[in-house]
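Please take a moment with the sequence and the model before reading on. The paragraphs below go through the cysteines and then the metal site.

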Amino acid sequence: GHHWGYGKEDGPSAWHKNYPVAQGNRQSPIDIIPEEATRDRDLGPIFLDYDRCTSINIANNGHSVVVEFVDSDDRSVIRGGPLDNPYRLKQFHFHWGGKGHDGSEHTVGGIGYASELHLVHWNAVKYRSFGDAAEAPDGLAVLGIFLETGDDHRWLHMITDALFMVKYKGSDTDFKGFNPKCLLPSSLHYWTYLGSLTTPPLHESVTWILLKEPIIVSDKQLGMFRMLLFNGEDEDERKRMENNFRPPQPLKGREVRSSN
Ligand SMILES: NS(=O)(=O)c1c(F)cccc1F
Ligand SMILES: [Zn+2]
């Protein structure tokens, strides 16, 4: 099918050729301008019921490193806030920069973070599958968490220790018993807006929920992500996996709301 990436020829500025929705009216990521966000009193807290979550594996899909979860029942859901239904956790993955460079997708007041974690959920109340939900305007809910560099993160090593097993595109390995609650900051205050997948096919199906408080990880831990490769083991050109982020897209008049 369509080959896309983050390089000069196949990167974000070229995606519109195969995915015209790239120039649509609710594309992600965006620059969040805190003072322009609407404080909405009807916007309640979000709840992350992950206590019975079941992680399955960790994989290199050639674009990021992804941890997948059992999503055949409501064992791990996000609910509340802007959401009318509970949404099931399907996977989480990261976006990051090059050494010493920011790699978040969303920016805040024009400022990027070192990295951004996305926990991807789908509306299993209204849709029969993740694929169907991914094409529906209220099909997905992605919780975005910013990563800032500082001290070591006490639990991120669980993920970085496994990265050597998924160095090449198409590799995956068991990754059971990991609860992503250990990657949350102390506050669940958030911004929310209607947007899209930030990678092709760029479907405009995501209710974005971005936590205001970043988590702190060390440069060393982040550097481990850069050991991953975009290419498969069989390819002769080795391309370090880094700068796998889409830059902010036009707001096109959308409202960004802020939790209280
Ligand atoms: N980046 S993102 O969170 O928008 C995203 C999804 F939601 C779903 C699949 C891939 C992907 F990259
Ligand atoms: Zn993402």
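How many disulfides does a search of the whole structure find? The search finds zero, where a disulfide is taken as a pair of cysteine sulfur atoms within 2.5 Å. This is a predicted model, in which local features need pLDDT of at least 70, side-chain atom pairs count only at pLDDT 80 or more, and totals for chains, interfaces and linings use all residues. Residues are numbered from 1 along each chain as its sequence is written, chains are lettered from A and ligands numbered from 1 in the order in which they are written, and side-chain values use heavy atoms, with hydrogens and water left out.

Consider C53, whose sulfur has its closest cysteine sulfur in C182, and because the distance is 9.1 Å, the two are too far apart for a bond. C53 is buried, with a relative accessible area of 15%, whereas C182 counts as partly exposed at 23%; here buried means under 20% relative accessible area, exposed over 50%, and partly exposed in between (1.4 Å probe, protein chains only).

The zinc ion (ligand 2) has as its protein donors H93 (NE2), H95 (NE2) and H118 (ND1), lying 2.0 Å from it; donors are N, O and S atoms within 2.8 Å of the metal (3.2 Å for Na, K and Ca), and since water is not among the atoms, sites may look incomplete. In sequence, the donor residues follow the spacing H-x1-H-x22-H. H93 lies in strand β7 (residues 87–96) and H118 in strand β9 (residues 115–122), so this pair ties together parts that are 25 residues apart in sequence; strands are DSSP runs (E, at least two residues), numbered from the N terminus. H118 is buried, with a relative accessible area of 1%, and H93 also counts as buried, at 12%.

Definitions and conventions
Helix = DSSP H or I, 4+ residues; strand = E, 2+ residues; numbered from the N terminus.
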